Amino acid sequence: FLILDTAAETGGSEGLLRQGDLDGVIKPALDKALADGKWVALASHHATSSLGDGTGLGGKQQPDAVTQAAWVDFVGGYPNVIFSMVGHSHENRVKWVTPTAGHAFWEVMTSALADFPHQIRIVELWDQDNGWLMLRTTNVDFSAMGDAVAEEGRTLGTMDYVAGWAAKNGPGTPEDRNVELWIEKP
C-alpha cells in the first residue's frame, strides 16, 4: 500500500496533490515498487474526482496542484498499480479509471461509518494463477450493540438518510457494494 496524504494543509475540503510531493515522494516510491516487481494499492482520503487546486471550502489556490487528468495519466504509467482505495464522498462506488495513455485501474470508494449505511469494506486480493488477479470487496455492517454512542450515531445517521437530509447515494448501487473485480496481472 502507498498511502497518499491528500488533505490540503492550506485548508479546503477537496483533495490536493502537489507536484513537489509527486516528484519527491510518490514517483520514487512507485518507481522502486516497479523495479522490485511489487504490486501497489493506493490509499487516500480523496478520490480522483475530488482532487482540486486547494481552493475548496476555505482553502487557498496552490500553483503546483496536480490536476485530476495529470494524476490519472501519472498512475496509468505504472502497470503495477492494481487499484486505489478512496473515501471522502461518503458513498460506495466502484469506478474504472482510464488514463489517456497507459493502463486503467479500479478506484474503490467506501461509505463513511458516520453516515448511512454505516459500513466498512473488506478487501481481498486473489492471484488466480491464470494471468489475472481478483479483487473482492465486501461491505460489512458493524455491531453497535452495547455501545450507546455507536447506537445513537447509527440512529441519527439513519434518520438523516430517511429524512432526505443526507445524500441518497451513500449505499451506492448493487454494483458498487459486494463486487469481484478482475485485474490483468502486471
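Strands here are DSSP runs of E at least two residues long, helices are runs of H or I of at least four, and the elements are numbered from the N terminus. The model is predicted. Five strands make up one open sheet of mixed pairing, and three strands make up another open sheet, with antiparallel pairing. The structure also holds one cavity of 30 Å³ or more, and its largest pocket has a volume of about 210 Å³.

**Five-stranded sheet**

- The strand order is β1-β2-β3-β5-β4, and the pairing is mixed.
- The edges are taken by β1 and β4; each has a single partner strand, so one side of each lacks a neighbour in the sheet.
- From one strand to the next, the twist averages 20°.
- β2 and β3 run parallel and are joined by four bridges. At one position, Ala43 has Met85 in β3 as its bridge partner.
- Helix α1 packs on this sheet, where it touches β1, β2 and β3. The direction of α1 makes about 165° with that of β1.

**Helix α2**

- Helix α2 covers residues 68–76, and its buried residues are Trp71, Val72, Phe74, Val75 and Gly76.
- An α-helix has 3.6 residues a turn, so residues three or four places apart point the same way.
- What do the buried residues of α2 pack against? Their partners are helix α1 and the strands β1, β2 (40–44), β3 (81–86), β4 (93–97) and β5 (105–109).

**Two residues of β3**

- Ser84 lies in strand β3. Its relative accessible area is 6%, and because buried means under 20%, Ser84 counts as buried.
- Beyond residues up to four places away in sequence, Ser84 touches Leu42, Phe105, Trp106, Glu107 and Val108.
- Val86 is also placed in β3 and is buried, at 7% relative accessibility.
- With neighbours within four places in sequence set aside, the contacts of Val86 are Ser44, His45, His46, Ala47, Glu107, Val108, Met109 and Thr110.
- The C-alpha atoms of Val86 and Val108 are 6.1 Å apart in space, while the two residues are 22 residues apart in sequence.

**Largest cavity**

- The largest cavity holds about 80 Å³ of space. It is lined by 15 residues, of which Ser44, His46, Thr48, Trp71 and Ser84 are the closest to its centre.
- Trp71 is one of the buried residues of α2, and Ser84 belongs to β3.
- β2, β3 and β5 each give at least two residues to the lining of the largest cavity. The largest share, three residues, comes from β2.
- By class, this lining has nine nonpolar residues, five polar and one charged.

**Largest pocket**

- The largest pocket, with its volume of about 210 Å³, is lined by 13 residues. Asp5, Ala7, Leu16, Leu17 and Asp21 lie nearest its centre.
- Which elements give two or more residues to the lining of the largest pocket? They are β1 (2–4) and α1 (19–35).
- Nine of the lining residues of the largest pocket are nonpolar and four are charged, with no polar residues.

**Three-stranded sheet**

- The strand order is β6-β7-β8, with antiparallel pairing.
- β6 (119–127) and β8 (179–184) are the edge strands, each pairing on one side only. The twist averages 20° from one strand to the next.
- β6 pairs with β7 (residues 132–141) in the antiparallel sense over nine bridges. Gln119 stands opposite Asp141 in β7.

**Backbone in the loops**

- Phe116 and Pro117 are joined by a cis peptide bond, with omega about 15°. Pro117 is placed in the loop between β5 and β6.
- His118 sits in the loop between β5 and β6 and has a positive phi of about 55°, although it is not a glycine.
- Asp129 is in the loop between β6 and β7. Its phi is also positive, near 60°, in a residue other than glycine.
- Are these two residues buried or exposed? His118 is buried, with a relative accessible area of 1%, whereas Asp129 is exposed, with a relative accessible area of 69%.

Key:
Residues are numbered from 1 along each chain as its sequence is written. This is a predicted model: local features need pLDDT of at least 70, side-chain atom pairs count only at pLDDT 80 or more; totals for chains, interfaces and linings use all residues. Side-chain values use heavy atoms; hydrogens and water are left out. On a 1 Å grid over the protein atoms alone, a cavity is a set of points where a 1.4 Å probe fits but cannot get out, and a pocket is an open set with protein on both sides within 12 Å along at least five of seven lines; lining residues have an atom within 4 Å of a point. Grid points are joined across faces, edges and corners, and a volume is the space filled by probe spheres set on the points. Ala, Val, Leu, Ile, Met, Phe, Trp, Tyr, Cys and Pro count as nonpolar, Asp, Glu, Lys and Arg as charged, and the others, Gly among them, as polar. Buried means under 20% relative accessible area, exposed over 50%, partly exposed in between (1.4 Å probe, protein chains only). Contact means heavy atoms within 4.5 Å. Two strands pair if DSSP finds at least two bridges between them. Axes are lines fitted to C-alpha atoms, for helices over the stretch in contact, and angles run from 0 to 180 degrees between N-to-C directions.
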